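I wanted to look up one pocket and the surface beside my notes on it, and to write down what I found entry by entry.

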Amino acid sequence: MTPVFNFVTGLNRILFGIAALAIFAVVPMLLYEVVARYAFQAPTVWAMEASTLLFGPHFMLAGPYLLHLRGHVAVDIFSERSSGRTRKALEIFSFLVIAIFAAVFGWVSWPLAVNAFQFGETSFSAWNPPIWWVKFIVPFAFLMLFAQALVEAGMALRTPSAAAGKEARP
């Protein structure tokens with residue numbers, strides 16, 4: 001299973017990098033908008049919406065790899081006080097809850113994305129860009145979160161407990 005684990009985590013690492021690069025597009029857009037609005041009294045119709053359309057994928061695509069890095073907020077009131085098998089069981093349980101959550105949201109968001117594509121959905125703003133493509137990122141990101149949660153659960157299952165009762169983590 002290690003090649004599958006490595007593939008999923010590696011793909012999520014690449015998506016994380018792409019998501020991080022998106023911020024380098026958002027910041028200049030917003031800077032341009034601020035300068036155009038306040039220095040030249042000529043606000044754009046596109047900058048705020050374009051930055052939102054990039055920030056959504058940034059947030060969604062970074063999530064699965066953040067799960068791997070343990071970068072999400074965690075309520076670890078029980079797991080931090082536990083050790084050995086109990087701690088491992090709580091960790092696996094939490095990853096399975098995340099996987100179920102991601103599966104449900106991915107399942108629900110897929111028809112919405114397909115519908116948006118079929119109708120050529122746009123934002124209905126003054127700029128009115130197509131937004132159907134952003135809606136496909138949602139089920140894809142949840143699929144990747146689902147896969148990463150299963151990988152993390154599998155890694156937790158395979159990781160032996162250390163002598164002191166703490167989890168040995170690579």
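Entry 1, the pocket lining. In this predicted model, I looked up which helices line the second largest pocket, and I found that α2 (47-69), α3 (84-118) and α4 (132-158) each supply at least two residues of its lining. The largest share comes from α2, which gives 7 residues.

Entry 2, size and centre. I read off a volume of about 330 Å³ for the second largest pocket, and of the 13 residues that line this pocket I noted Phe59, Gly63, His72, Phe101 and Leu145 as the closest to its centre.

Entry 3, character of the lining. I then sorted the lining residues of the second largest pocket by type, which gave 11 nonpolar and 2 polar residues, with no charged residue among them.

Entry 4, Phe101. I followed Phe101 further, and placed it in helix α3. Is Phe101 buried or exposed, or partly exposed? I entered Phe101 as partly exposed because its relative accessibility is 41%, which falls between the 20% limit for buried and the 50% limit for exposed. Phe101 also belongs to a nonpolar patch on the surface, together with Ile100, Val104, Phe105, Trp107, Val108 and Leu112, and I noted about 780 Å² of accessible area for the patch together.

Entry 5, Gly106. I looked up Gly106, which also lies in helix α3, and I recorded it as buried because its relative accessible area is 12%, where buried means under 20%. For Gly106 and Leu67 I wrote down a separation of 39 residues in sequence and a C-alpha to C-alpha distance of 17 Å in space.

Technical notes: Residues are numbered from 1 along each chain as its sequence is written. This is a predicted model: local features need pLDDT of at least 70, side-chain atom pairs count only at pLDDT 80 or more; totals for chains, interfaces and linings use all residues. Side-chain values use heavy atoms; hydrogens and water are left out. On a 1 Å grid over the protein atoms alone, a cavity is a set of points where a 1.4 Å probe fits but cannot get out, and a pocket is an open set with protein on both sides within 12 Å along at least five of seven lines; lining residues have an atom within 4 Å of a point. Grid points are joined across faces, edges and corners, and a volume is the space filled by probe spheres set on the points. Ala, Val, Leu, Ile, Met, Phe, Trp, Tyr, Cys and Pro count as nonpolar, Asp, Glu, Lys and Arg as charged, and the others, Gly among them, as polar. Patches are made of residues with over 30% relative accessible area and no salt bridge: like charges are joined within 9 Å, nonpolar side chains (Val, Leu, Ile, Met, Phe, Trp, Tyr) within 5 Å. Accessible areas come from the Shrake-Rupley method with a 1.4 Å probe; for residues, only the protein chains shown count as cover. A salt bridge is a side-chain nitrogen of Lys or Arg within 4 Å of a carboxyl oxygen of Asp or Glu. Buried means under 20% relative accessible area, exposed over 50%, partly exposed in between (1.4 Å probe, protein chains only).
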